[in-house]
Amino acid sequence: MSDSTRRQNILVTGGAGYIGIHTVVALARAGFVPHVLDNFSNSSRSNLVRAQEIIGSVIPVHEVDVRSQKQLQAVLSSTNFDAVVHLAGLKVISDSQARPTEYFDVNVSGSISLLRAMELHHVKRFVFSSSASVYGTENTMPVAETGVLSPQHPYGQTKCVVEQLLASLAHADRTWAIAALRYFNPVGAHESALIGETTQSRPTNLMPAVVRAALRSGEPVEIFGNDFPTPDGSGVRDFIHVMDLAEGHVAALRYLCRPGVEPYSVVNLGTGRGTSVLQLLGVMGEVAGHPIAHVIRDRRSGDVAESYADVTLAEALLEWRATRTVDDMCESALRWGKRSAQALDG
Ligand SMILES: NC(=O)c1ccc[n+]([C@@H]2O[C@H](COP(=O)([O-])OP(=O)(O)OC[C@H]3O[C@@H](n4cnc5c(N)ncnc54)[C@H](O)[C@@H]3O)[C@@H](O)[C@H]2O)c1
């Protein structure tokens, strides 16, 4: 097969996790060959089995810790990779406040280790999973990529530090093609309901808690603050369907393959629309056919009233925009929740 017709091999670190597994499916559907690198610290191989069922082909898997230079070298020697999508990392804000060293080790040292290995193997296309939490509290909405960066917790700090490193790297060596994608709030599941967001017994993310309450199998949803200066007092977020987000990675890779691409770009991935937490519960209530039980708690420190993206750059640069609605997000999340609950019962 000539090089121009060869399907591109993409290494997806953290590819067995929530965003990773949906990205793997989107990449395969778009004609790429995704390979997964994961240490399964927050995921299981069963995600890969179900993703293989969706795409109808085998996904090569490397059980590797992203901090291990030796193991990374072996993976990068094994295949001619065209790009790396780096999603491996830790993401729970409260854990990052309790264990900052661990968060900097995995998120920052892991990224350094990976970039070093890529340099040695001359793989220079890189997509990085950054986060809207880099913006902090000072910006007016919708926030553009030029907004003030002031992360409010160690997790957000790790994303900022890696972004700074990527900017310096691209400045020093213009043969890199790097896209740092700032995700807003991914929710929902693949339409097949074969893959979705799996959580521990007590979910820390909003949507899994909402799904449990919708299935009447969990505690009422905790809403942190109902006195924000927003129309209904609850926080406003930019919820984005995880498959839209996954397709954003495909768009970013296509962009990085264009001739003359900038060595470093930072792009928001959101819908550009704000939805309040209470509105999300309202939509889920309609989908489930009954109101979603919830309790109001005090605001958490560092939580902003509103956070939603200016998506002008994503549309212009990546030629991508989110198309799925909040209804789609709730329906797919609930279908996935029902299916995984049945699998646990059975
Ligand atoms: N989910 C969100 O709301 C959100 C928002 C913004 C950014 N992000 C970022 O996107 C990325 C993926 O998030 P997710 O929601 O899919 O999380 P996830 O926990 O479901 O997936 C992360 C994956 O990385 C793996 N991993 C963790 N440490 C590793 C290590 N040392 N070596 C190899 N693999 C390791 C885990 O096993 C897991 O499969 C993370 O970097 C996260 O910070 C997530």
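This is a short presentation on the ligand site, a few backbone features, one helix and one small sheet of a protein structure.

Good morning. Please keep in mind throughout that the model is predicted.

I begin with the ligand. There are 28 residues around it, and those that come nearest are Ile 19, Asp 38, Asn 42, Ser 43 and Tyr 155. Sorted by class, this shell consists of 13 nonpolar, 10 polar and 5 charged residues.

Which atoms of Ser 41, Asp 65 and Leu 87 approach the ligand? For Ser 41, a backbone N or O atom is 3.1 Å from a ligand oxygen atom. Leu 87 likewise places a backbone N or O atom 3.1 Å from an oxygen atom of the ligand. Asp 65 uses its side chain: a polar atom there lies 3.1 Å from a nitrogen atom of the ligand. As for cover, the ligand on its own has 830 Å² of accessible area, and the protein covers 95% of that area.

Which elements give two or more residues to this shell? They are helix H1, residues 18-29, strand S5, residues 125-131, and helix H6, residues 154-172. The most comes from S5, which gives 3 residues.

I turn now to the backbone. The loop between S5 and H6 holds Pro 142, and the peptide bond leading to Pro 142 from Met 141 is cis, with omega near 0°.

Two residues that are not glycines have a positive phi. Phe 40 has a phi of about 60°, and Glu 319 has one of about 55°. Phe 40 sits in the loop between strand S2, residues 33-38, and helix H2, residues 45-55. Glu 319 belongs to the loop that joins helix H10, residues 312-318, and helix H11, residues 326-345. Are these two residues buried or exposed? Phe 40 has a relative accessible area of 15% and is therefore buried, the cut-off being under 20%. Glu 319 has a relative accessibility of 64%, so it counts as exposed, given a limit of over 50%.

Next, helix H9. This helix runs over residues 277-288, 12 residues in total. From its first C-alpha to its last it reaches 16 Å, close to the expected 16 Å at 1.5 Å a residue. Its buried residues are Val 277, Leu 280, Leu 281, Val 283, Met 284 and Gly 285. As general background to such a pattern, residues three or four places apart in an α-helix point the same way, because there are 3.6 residues a turn. After H9 comes Gly 289, with a positive phi near 90°.

One of the H9 residues, Leu 281, can be set against Val 12. Val 12 is part of strand S1, residues 9-13, and is buried, at a relative accessible area of 0%. Along the chain Val 12 and Leu 281 are 269 residues apart, and 33 Å separates their C-alpha atoms.

Finally, the small sheet. It is open, has 3 strands in the order S12-S9-S14, and its pairing is mixed. Why is one side of S12 and of S14 left without a neighbour? Strand S12, residues 275-276, and strand S14, residues 306-307, stand at the edges with a single partner strand each, and therefore one side of each has no neighbour in the sheet. Strand S9, residues 236-237, pairs with S12 in the antiparallel sense over 2 bridges. Within this pairing, Arg 237 has Thr 275 of S12 as its bridge partner.

Thank you for your attention.

Note on methods
Residues numbered from 1 in each chain as written. Predicted model: local features only at pLDDT ≥ 70, side-chain atom pairs only at ≥ 80, totals over all residues. Heavy atoms only, no water. Helix = DSSP H or I, 4+ residues; strand = E, 2+ residues; numbered from the N terminus. Expected span 1.5 Å × (residues − 1). Buried < 20%, exposed > 50% of the residue type's maximum accessible area, 1.4 Å probe, protein only. Near = heavy atom within 4 Å. Polar contact = N/O pair within 3.5 Å; in protein donor to acceptor, adjacent residues only side chain to side chain. Areas by Shrake-Rupley, 256 points an atom, 1.4 Å probe, with all protein chains shown as cover. Nonpolar A, V, L, I, M, F, W, Y, C, P; charged D, E, K, R; others polar. Pairing = 2+ DSSP bridges.
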